[in-house]
Amino acid sequence: MRIENYISDLLYRYECVTVPGFGAFITQYQPAKVHSNTNAFYPPSKSIAFNEQLKSNDGLLTKYIAEVLKISFEEASQKVETTVLTWKKALEVNEKIELKNIGELWLGAERKILFQPSYHLNYLTSSFGLSSFVTPAVTREELKKEVEALEEKAPVAFTPERRKSRSYLKYAAVFLLTISAGTIGYRFVDIQQRENVQVAQQEAQQQIERDIQKATFFDTTPLEIPSIILKVEKQPLKYHVIAGAFRVEENADKRVKQLQDKGFEAERIGKNKYGLHQVTYASFAEVPSALEFLRKIKREESPEAWLLVDELD
C-alpha cells in the first residue's frame with residue numbers, strides 16, 4: 001500500500017506526521033523569498049524535513065488510514081507495518097525510496113537515512129494558488145555619470161567684454177530692479193499676512209481647548225458606562241494521551257484516581273467502538289504539546305501510552 005498519499009494529505013494540516021517504527025516528516029514555515037541570481041520570486045511555503053528518531057506511534061496516520069479505507073485501527077496498523085518493512089528492506093540494498101510529492105529517502109554512508117524533499121507541492125494552505133515566477137532585473141540609467149562625461153568634453157568659450165555700453169541697457173536694468181523690488185515687497189506682505197492668520201488660528205484653537213477643559217472639569221453629571229460581557233471560547237481538547245482502556249467501569253475509575261493522585265489531569269473520555277472505557281493522562285488542544293507530553297510519558301511512566309485524536313480538521 002502506498003501510504004505516502006495519506007502522509008501527503010496530513011502534511012497540509014499538521015506540522016508532524018509520524019510513520020510508526022520508521023520516522024517522522026516535519027514541516028516548517030518558510031517566508032517568501034527572491035533568488036538574486038535568477039530573479040525568481042517564490043511564495044511562502046512549508047519546507048519538509050525527515051527525523052528518523054521520532055518513531056513512536058502517535059495514532060495520527062493510522063487513524064486517518066482507517067477512516068479513509070473504512071477499516072479497523074488494527075488492520076490499518078498492519079498495513080503501515082508491512083509498508084515500513086518494505087521500505088527498510090529497500091534501504092538495506094541501497095535502493096532509493098521515492099515518495100510522490102514528498103521526497104526521496106536513501107541510506108547514507110553512516111547508515112543513517114538521508115532525505116531530499118520534493119518541491120512539486122506547496123503544503124502551506126494560505127499560499128494556495130500562488131506560484132513562483134521570474135521577472136527581468138530592473139536596470140537604472142546612470143544619467144549623472146553621462147552628463148559629467150559630456151561636461152568634461154564640452155569646450156568653454158570666453159568672449160571679450162566690450163568697453164562701450166549702450167544707454168538703453170542702463171534703463172532696462174533700472175526697470176528690472178524696480179520690478180524685482182516690487183515683487184519682493186509683495187511677497188513680504190503676503191508672508192506677514194499668512195503668519196498673522198496662523199497666530200489667530202492658534203489662539204482660537206487654544207481658547208476652544210480651554211473651554212472644553214472647563215466644561216469637562218465642572219460637569220458633575222454622572223456617566224453611565226454600559227457593562228461589557230466578554231465571551232472567551234476555549235479550544236477543544238481533541239488530542240488525548242491514553243493511559244488505558246477498561247471493560248469494567250469501576251476499574252477505569254480506579255485508574256483515574258491513581259493517576260490524579262500522581263498529579264496527572266486524568267479523566268474518562270467515554271467508550272470506544274469496542275465498548276472499552278478509555279482513561280487519559282491528559283488532553284490537549286494542539287498536537288505539538290500532545291506529542292511532547294506523549295514522549296515524556298513513554299519515557300518516564302508507561303511505554304504503552306498512545307495518542308488518540310478525536311476528529312480531523
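1. A contact here means heavy atoms within 4.5 Å. In this predicted model, residues 24 or more positions apart account for 60% of the protein's contacts with a separation of 6 or more.

2. The protein has 313 residues, and 27% of them count as buried. Its secondary structure consists of seven helices and 13 strands. The accessible surface comes to about 23,700 Å², with 55% of that belonging to carbon and sulfur atoms.

3. One sheet can be followed strand by strand. It is open and built from three strands in the order E6-E7-E8, with antiparallel pairing. Strand E6 (97–99) and strand E8 (113–117) are the edge strands, each pairing on one side only. On average, neighbouring strands of this sheet are turned by 20° against each other, direction ignored.

4. Within that sheet, strand E7 (residues 103–107) pairs with E8 in the antiparallel sense over five bridges. Gly103 stands opposite Pro117 in E8.

5. Which helix lies across E6, E7 and E8? Helix H3, spanning residues 73–92, does so, and it runs at about 135° to E6.

6. A nonpolar patch on the surface is formed by Met1, Val68 and Leu69, which together have about 220 Å² of accessible area. Leu69 is found in helix H2, residues 60–69. Why does Leu69 count as partly exposed? Its relative accessibility is 33%, and partly exposed covers the values between the buried limit, under 20%, and the exposed limit, over 50%.

Conventions: Residues are numbered from 1 along each chain as its sequence is written. This is a predicted model: local features need pLDDT of at least 70, side-chain atom pairs count only at pLDDT 80 or more; totals for chains, interfaces and linings use all residues. Side-chain values use heavy atoms; hydrogens and water are left out. Helices (H or I, at least four residues) and strands (E, at least two) are DSSP runs, numbered from the N terminus. Buried means under 20% relative accessible area, exposed over 50%, partly exposed in between (1.4 Å probe, protein chains only). Accessible areas come from the Shrake-Rupley method with a 1.4 Å probe; for residues, only the protein chains shown count as cover. Patches are made of residues with over 30% relative accessible area and no salt bridge: like charges are joined within 9 Å, nonpolar side chains (Val, Leu, Ile, Met, Phe, Trp, Tyr) within 5 Å. A salt bridge is a side-chain nitrogen of Lys or Arg within 4 Å of a carboxyl oxygen of Asp or Glu. Two strands pair if DSSP finds at least two bridges between them. Axes are lines fitted to C-alpha atoms, for helices over the stretch in contact, and angles run from 0 to 180 degrees between N-to-C directions.
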